[in-house]
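Visitor: Could you walk me through this protein with me at your side?
Guide: Gladly; let us look at it together.

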Amino acid sequence: MKVLIDADRCQGHGRCFSLAPTLFEFDELGNGVVIGDGRLDSQTLELARLAQVNCPEHAIEIDEAP
Ligand code: F3S
């Protein structure tokens, strides 16, 4: 399972790194980026889903394939 941010969609609303600062940070433009390789376990999957439903641009994608 992995999380990623679609950089073309992200408009820097910042909810991802506010809600899940262990998964996301912001770049020099203030846009969200995934920390590390974005791999998720069952706990971080819940955090990633929380960020996903709160992103107004629907920029956060979760690949739930094992
Ligand atoms: Fe971007 Fe959405 Fe986060 S717009 S900064 S991915 S909340």
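**A guided look**

Visitor: Where does A20 lie, and is this residue buried or exposed?
Guide: A word first on the model: it is predicted, so local features need pLDDT of at least 70, side-chain atom pairs count only at pLDDT 80 or more, and totals for chains, interfaces and linings use all residues. Residues are numbered from 1 along each chain as its sequence is written, and side-chain values use heavy atoms, with hydrogens and water left out. A20 sits in the loop between α1 (15–19) and β2 (24–26), helices (H or I, at least four residues) and strands (E, at least two) being DSSP runs numbered from the N terminus. Its relative accessible area is 0%, and under 20% means buried, over 50% exposed and in between partly exposed (1.4 Å probe, protein chains only), so A20 is buried.

Visitor: Which element gives the largest share of the largest nonpolar core?
Guide: A nonpolar core is a set of buried Ala, Val, Leu, Ile, Met, Phe, Trp, Tyr and Cys residues joined through side-chain atoms within 4.5 Å. The largest one here has 16 residues, and V3, I5, C16, F24, L40 and I60 have the most contacts inside it. At least two residues each come from β1 (2–5), α1, α2 and β4 (60–63). The largest share, three residues, is supplied by α2.

Visitor: Which residues does C16 touch, leaving out those up to four places away in sequence?
Guide: Contact means heavy atoms within 4.5 Å. C16 is one of the residues with the most contacts inside the largest core. With residues up to four places away in sequence set aside, the partners of C16 are I5, P21, F24, G32, A51 and I60.

Visitor: How are the rings of F17 and F26 arranged?
Guide: Rings of Phe, Tyr and Trp (its six-membered ring) pair if their centres lie within 6.5 Å; planes under 30 degrees apart count as stacked, over 60 as edge-to-face and the rest as tilted. The structure holds one aromatic pair. The ring centres of F17 and F26 are 5.0 Å apart and the planes stand at 50°, so the pair is tilted.

Visitor: Is F26 buried or exposed?
Guide: Its partner F17 has 18% relative accessibility and counts as buried. F26 has a relative accessible area of 55%, so F26 is exposed.

Visitor: What is the N to O distance in the salt bridge of R49 and E46?
Guide: A salt bridge is a side-chain nitrogen of Lys or Arg within 4 Å of a carboxyl oxygen of Asp or Glu, and the whole structure has four. R49 and E46 are three residues apart in helix α2, so about one helical turn separates them. Their side chains meet with an N to O distance of 3.1 Å.

Visitor: Which residues are joined into one network by salt bridges that share partners?
Guide: R49 also forms a salt bridge with E64, the closest N and O atoms being 3.0 Å apart. R49 lies in helix α2 and E64 in the segment after β4, so this pair ties together parts 15 residues apart in sequence. The network consists of E46, R49 and E64.

Visitor: How far apart are the closest N and O atoms of R9 and D6?
Guide: R9 is partly exposed, at 41% relative accessible area, and D6 counts as partly exposed at 21%. The two form a salt bridge. Its closest N and O atoms are separated by 3.8 Å.
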